[in-house]
Every structure is written in C-alpha cells, then in structure tokens.
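Trainee: I'd like to go through the labels on this one and hear the reasoning behind them. Can we take them one at a time?

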Amino acid sequence: MSVAVLARRLKVARSTVQARLERLETSGAIAGYTLRLGDSAREHRIRATCLLTIEPRAQAAILARLRSLPEVERIHTTSGRVDLLLQLAAISTSQLDDVLDQIGGLTGVRSSESLIHLSTKLDRAA
C-alpha cells in the first residue's frame with residue numbers, strides 16, 4: 001500500500017510514516033519489498049510439497065538445480081527422516097508430474113515423496 005494510505009490508516013502524517021520506514025530500512029529491519037500473489041492468481045495453481053532424501057555430499061548441486069526450476073517456490077532443510085522439503089506450484093497436474101520426475105531424476109536424490117495440497121485451512125503468512 002502507498003505511504004499516504006498507510007498514514008491515513010494509522011492516523012499520522014505521511015512524513016512520519018516515511019521517516020519511520022526509512023529508519024527501518026536503514027537498520028535492516030526491512031530488507032526489501034515484494035509482490036504477493038492474491039487468491040485469484042493462486043487458486044488456479046496446483047500446490048504440492050516434495051520431501052527429498054539426498055546423498056550426503058550432493059546438497060550443493062541439488063540446490064543449484066532446484067533453484068533453476070520455476071515451479072520450486074521454497075526449499076527448506078529439515079531435521080528428520082528427509083533432508084529437504086520443497087514447496088511446489090504448477091498450473092496443471094501434467095506440469096507437476098513433469099517437475100516431480102525432473103526432481104526425482106536429479107543426481108544425488110535417493111528418494112522423494114510428494115504430497116498434493118487439496119485445500120488450505122489456515123494461512124497466517126497471507
């Protein structure tokens with residue numbers, strides 16, 4: 001939202017909001033700004049989680065390859081029976097199937113398990 005709209009909602013001067021934002025940016029509290037897709041753009045995408053078990057020394061190469069796949073939205077390391085947790089989004093089941101095949105075929109991937117998201121019951125990040 002614009003600084004002017006934010007100032008109106010907070011009932012403070014625009015210059016006050018602008019100064020505070022600049023201080024937060026300078027201090028590193030705000031690292032940047034981003035675009036978030038709205039529900040109408042996200043609802044037509046098939047979302048999935050992919051759990052990967054990988055070879056011990058293959059992580060760097062696998063991460064580099066995963067970063068090049070646009071369907072891979074997030075990559076998390078884990079402390080459990082799997083090594084990596086991937087969040088995926090595709091426009092069709094065939095596209096999701098293709099990307100899962102690519103991921104499973106990467107050198108160093110021991111096993112993969114995919115979970116297709118059916119519905120979202122809570123999303124605090126939105």
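Trainee: Why is threonine 53 called buried?

Mentor: This is a predicted model, and in it threonine 53 has a relative accessibility of 18%. Buried means under 20%, so at 18% threonine 53 earns the label.

Trainee: Where does threonine 53 sit, and which residues does it touch?

Mentor: Threonine 53 is part of strand β1. Leaving aside neighbours within four places in sequence, its contacts are Arg81, Val82, Asp83, Gly108, Val109, Arg110 and Ser111. A contact here needs heavy atoms within 4.5 Å.

Trainee: Cysteine 50 is in strand β1 too. What makes cysteine 50 count as buried or exposed?

Mentor: Relative accessibility again: cysteine 50 has 1%. The cut-off for buried is under 20%, so cysteine 50 is buried. Setting aside neighbours within four places in sequence, cysteine 50 is in contact with Leu84, Leu85, Leu86, Leu88, Leu100, Ile103, Ser112, Glu113 and Ser114.

Trainee: And how far is cysteine 50 from glutamine 18?

Mentor: They are 32 residues apart in sequence, and their C-alpha atoms are 41 Å apart in space.

Trainee: What about alanine 60, buried or exposed?

Mentor: Alanine 60, in helix α4, has a relative accessible area of 60%. Exposed means over 50%, so alanine 60 is exposed. From alanine 60 to serine 15 is 46 Å, C-alpha to C-alpha, with their positions 45 residues apart in sequence.

Trainee: On to salt bridges. How do you know that arginine 45 and glutamate 73 form one?

Mentor: Their closest N and O atoms are 3.9 Å apart. The rule asks for a side-chain nitrogen of Lys or Arg within 4 Å of a carboxyl oxygen of Asp or Glu, so 3.9 Å passes.

Trainee: Why say that this pair ties parts of the chain together?

Mentor: Because arginine 45 lies in the loop between α3 and β1, while glutamate 73 is in strand β2, and the two are 28 residues apart in sequence.

Trainee: Why are arginine 45 and glutamate 73 called partly exposed?

Mentor: Partly exposed falls between the two limits, under 20% for buried and over 50% for exposed. Arginine 45 has 26% and glutamate 73 has 33%, so both get that middle label.

Trainee: Which arginine in strand β1 does glutamate 73 also pair with?

Mentor: Arginine 47, with N to O at 2.6 Å. That is within the 4 Å limit, so it is a salt bridge. Glutamate 73 is in strand β2 and arginine 47 in strand β1, so this pair joins parts that are 26 residues apart in sequence. Arginine 47 is partly exposed, at 23% relative accessible area.

Trainee: What makes this a network?

Mentor: Arg45, Arg47 and Glu73 are linked by salt bridges. Glutamate 73 pairs with arginine 45 and with arginine 47.

Trainee: How do you know that arginine 110 and glutamate 55 form a salt bridge?

Mentor: The N to O distance is 3.2 Å, within the 4 Å cut-off, so the pair qualifies. It links distant parts of the chain: arginine 110 is in strand β4 and glutamate 55 in the loop between β1 and α4, 55 residues apart. Glutamate 55 is partly exposed at 33%. In total the structure holds 4 salt bridges.

Trainee: Why does lysine 11 get flagged?

Mentor: Its phi is near 60 degrees, a positive value in a residue other than glycine. Most residues other than glycine have a negative phi. Lysine 11 lies in the loop between α1 and α2. With a relative accessible area of 76%, over the 50% limit, lysine 11 is exposed.

Trainee: Last one: how does the whole protein compare with a compact globule?

Mentor: A compact globule of 126 residues would have a radius of gyration near 14 Å, but the protein has 20 Å. Its C-alpha atoms fill a box of roughly 55 × 35 × 25 Å along the principal axes. Buried residues make up 25% of the 126. There are 5 helices and 4 strands, in the order α-α-α-β-α-β-β-α-β.

Notes
Residues are numbered from 1 along each chain as its sequence is written. This is a predicted model: local features need pLDDT of at least 70, side-chain atom pairs count only at pLDDT 80 or more; totals for chains, interfaces and linings use all residues. Side-chain values use heavy atoms; hydrogens and water are left out. The radius of gyration is taken over C-alpha atoms; the globule rule is 2.2 Å times the number of residues to the power 0.38. Buried means under 20% relative accessible area, exposed over 50%, partly exposed in between (1.4 Å probe, protein chains only).
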